[in-house]
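Work through the exercises below with the sequence and the coordinates at hand, and attempt each task before reading its solution.

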Amino acid sequence: MNRFLTALCTGLLLLGCNRASEGPFRLTDLQVNQMTTPLGIDEAEPRFSWKMESGRYAQRQSAFRIVVTDAATGGQVWVSDPHPSDVSVGVIYAGSPLQPRTRYNWELTVWNAGADSVKTASWPARRWLTG
């Protein structure tokens, strides 16, 4: 019986170590106006959404930062300050006016309560085209 308990505890410990090595969390389902790669958005203030997933217990978002760039020039059109918030649905664009028929990329950094952060790549999956 002691060998069984020792083996069980060792297995659970190793499983916990493997989870920790995956990183604190990951960002999924990044969307603009509830679409993954929208085309022809006519809104002056599109809305951003994402999900934070983790294998660790009780992970939560404590802040986020969004950077939007013009895909053709690479110029930044909006850089939000790190915003202390757990909101991850319907975050409203607050940058320079968006131009028609222009492709934009966006990149997201999210912090958890332990001050760990994860940053997405801005291209190619995080882009949209205005109408």
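**Exercise 1. Aromatic pairs**

Task: State how many aromatic pairs the structure holds, then classify the pair of Trp78 and Tyr93 and place both residues along the chain.

Solution: The model, which is a predicted one, holds six aromatic pairs. For Trp78 and Tyr93 the ring centres are 5.3 Å apart and the planes stand at 70 degrees to each other; because a pair needs centres within 6.5 Å and an angle over 60 degrees counts as edge-to-face, this pair is edge-to-face. Trp78 belongs to strand β5 (residues 76-79), whereas Tyr93 lies in the loop between β7 (91-92) and β8 (103-112), so that the pair links distant parts of the chain, 15 residues apart. The wider setting is one aromatic cluster formed by Phe48, Trp78, Tyr93, Tyr104, Trp106 and Trp128.

**Exercise 2. Burial**

Task: Decide whether Trp78, Tyr93 and Thr109 are buried or exposed.

Solution: The cut-off for burial is under 20% relative accessible area. Trp78 has a relative accessibility of 11% and therefore counts as buried, and Tyr93, at 2%, counts as buried because of that value. Thr109, found in strand β8, is at 10% and so counts as buried. Leaving out residues up to four places away in sequence, Thr109 touches Ala63, Phe64 and Arg65, and also Ser117, Val118 and Lys119.

**Exercise 3. The nonpolar core**

Task: Describe the largest nonpolar core and find which strand gives the most to this core.

Solution: The largest nonpolar core has 21 residues, and those with the most contacts inside it are Phe48, Trp50, Ile66, Val68, Trp106, Leu108 and Trp128. Two or more residues come from each of β1 (26-32), β3 (47-53), β4 (61-70), β5 and β8, and β8 gives the most, with four residues. Val68 may be followed further: beyond its neighbours within four places in sequence, Val68 is in contact with residues including Phe48, Trp78, Tyr93, Tyr104, Trp106 and Trp128. In soluble globular proteins, nonpolar side chains tend to be buried together.

**Exercise 4. The open sheet**

Task: Give the strand order of the three-stranded open sheet and identify its edge strands.

Solution: The order is β1-β3-β7, with antiparallel pairing. β1 and β7 each pair on one side only and are the edge strands. Between β3 and β7, which run antiparallel, there are two bridges, and Phe48 stands opposite Val91 in β7. Phe48 is also a member of the aromatic cluster considered in the first exercise.

How values were computed: Residues are numbered from 1 along each chain as its sequence is written. This is a predicted model: local features need pLDDT of at least 70, side-chain atom pairs count only at pLDDT 80 or more; totals for chains, interfaces and linings use all residues. Side-chain values use heavy atoms; hydrogens and water are left out. Rings of Phe, Tyr and Trp (its six-membered ring) pair if their centres lie within 6.5 Å; planes under 30 degrees apart count as stacked, over 60 as edge-to-face and the rest as tilted. Buried means under 20% relative accessible area, exposed over 50%, partly exposed in between (1.4 Å probe, protein chains only). Contact means heavy atoms within 4.5 Å. A nonpolar core is a set of buried Ala, Val, Leu, Ile, Met, Phe, Trp, Tyr and Cys residues joined through side-chain atoms within 4.5 Å. Two strands pair if DSSP finds at least two bridges between them.
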